[in-house]
Amino acid sequence: MLFRSLEWDWRGAESCYSQAIVLNPSHEGAHRSFGVMLATLSRTDEAIREAERACELDPLCLVVNSSAAWVRFVAGDYEEAISRCLHTVGMNPRFSAARRVLGAAYLQSGREDEAIQSLQGAMAQTEKDPVLLAWLAHARAAVGDHDEARALLAKLQRMSERRFVPSYHIALAHIGLEETDQAFAALERATVESDPALPNLVVDPRFEPIRADARYSRLVELLGL
């Protein structure tokens, strides 16, 4: 199923997810992943239904709850995303995936101080998460702290010399800094990497600043979205 998604074969992936759920309706991982994919395809109601079903099946799973928060985030339901993230963080304050989505949801809600606090707090617990670092760089830039954002981006680039750093998230940092050409260069690298996060650019509200660019339309077409 993931393989088909990485090939951008959305119809094939949907068929596989549907078959998996028929074979095992209680498999929370199938419902969770299917919900995330449906959110990418902007099929919001179906995505929420699958994400909530996964939470019903495994209410204590941090990944399931964070995924449900992400589905709400890309649907524009920031308050529900925040609520779901706080619930997840309450179960494990060190779970960075929930802290990332919480910070992003706060930022989109105009709660900038809380966004920075959430992301910065998560960084204090784990400085080795390049995705978290990129999201913090984006948030710092979005609130006008460009010097700190560039310092974080430089740290990301140094990190990429020693380990894999997903280019999709580097693009996000550049978007915060209004560096459009650099953002598209990073997104181009993400296509080569077959980054599973790449299709999110269609629904992630933080990519709104580049959607009028012709290069964005070509990317969407390449992804079959």
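A residue counts as buried when its relative accessible area is under 20%. Keep that cut-off in mind, as it comes back several times below. What you have above is a predicted model, and a good place to start is helix α11, which spans residues 167–176. This helix is mostly covered, with ten of its ten residues buried. Walking along α11, the buried residues are Ser 167, Tyr 168, His 169, Ile 170, Ala 171, Leu 172, Ala 173, His 174, Ile 175 and Gly 176. What do they pack against? The buried residues of α11 have three helices as partners: α9 (130–142), α10 (146–159) and α12 (180–192). Once α11 is over, you come to Glu 178, which has a positive phi, near 60°.

Now step back to the whole chain. There are 13 helices and zero strands, so if you follow the elements from the N terminus on, you read α-α-α-α-α-α-α-α-α-α-α-α-α. How does the chain's radius of gyration fit with a compact globule? For 225 residues, such a globule would come out near 17 Å, and the chain has 17 Å, which agrees. Taken along the principal axes, the C-alpha atoms fill a box of roughly 50 × 40 × 35 Å. As for burial, 52% of the 225 residues make the cut. If you look at contacts with a separation of 6 or more, 54% of them involve residues 24 or more positions apart.

Next, some helix packing. Two packed helices are described by the angle between their axes and the distance between the axes. Take helix α6 (residues 78–91) and helix α7 (residues 96–108): their axes are 9 Å apart, and the packing angle is about 150°. Angles over 145 degrees count as roughly antiparallel, so α6 is roughly antiparallel to α7. The crossing of α6 past α7 is left-handed. From the α6 side, the contact is made by Tyr 78, Ala 81, Ile 82, Cys 85, Leu 86, Thr 88 and Val 89. From the α7 side come Ala 98, Arg 99, Val 101, Leu 102, Ala 105, Tyr 106 and Gln 108. Sort the residues of this contact by character and you get eleven nonpolar, two polar and one charged.

Helix α7 also packs with helix α5 (residues 62–74), and here the axes come within 9 Å and cross at roughly 20°. That angle makes α5 and α7 roughly parallel to each other. Their crossing is left-handed. On α5, the residues in the contact are Ser 66, Ala 69, Trp 70 and Phe 73. They meet Ala 97, Ala 98, Val 101, Ala 104, Ala 105 and Gln 108 of α7. This contact between α5 and α7 holds eight nonpolar residues, two polar and no charged. Ala 98, for one, is listed in the α6 contact and in the α5 contact.

Finally, have a look at Val 220 in helix α13 (residues 214–222). Is Val 220 buried or exposed? Its relative accessibility is 13%, so Val 220 counts as buried. Leaving aside neighbours within four places in sequence, Val 220 is in contact with Leu 201, Val 202 and Leu 225. Pro 199 lies 21 residues from Val 220 along the chain, and the C-alpha atoms of the two are separated by 7.9 Å.

Definitions and conventions. Residues numbered from 1 in each chain as written. Predicted model: local features only at pLDDT ≥ 70, side-chain atom pairs only at ≥ 80, totals over all residues. Heavy atoms only, no water. Axes fitted to C-alpha atoms, helices over the stretch in contact; angles between N-to-C directions. Helix = DSSP H or I, 4+ residues; strand = E, 2+ residues; numbered from the N terminus. Parallel < 35°, antiparallel > 145°, perpendicular 65-115°, else oblique. Left-handed = near helix turned anticlockwise from the far one by under 90°. Contact = heavy atoms within 4.5 Å. Nonpolar A, V, L, I, M, F, W, Y, C, P; charged D, E, K, R; others polar. Rg over C-alpha atoms; globule rule 2.2 N^0.38 Å. Buried < 20%, exposed > 50% of the residue type's maximum accessible area, 1.4 Å probe, protein only.
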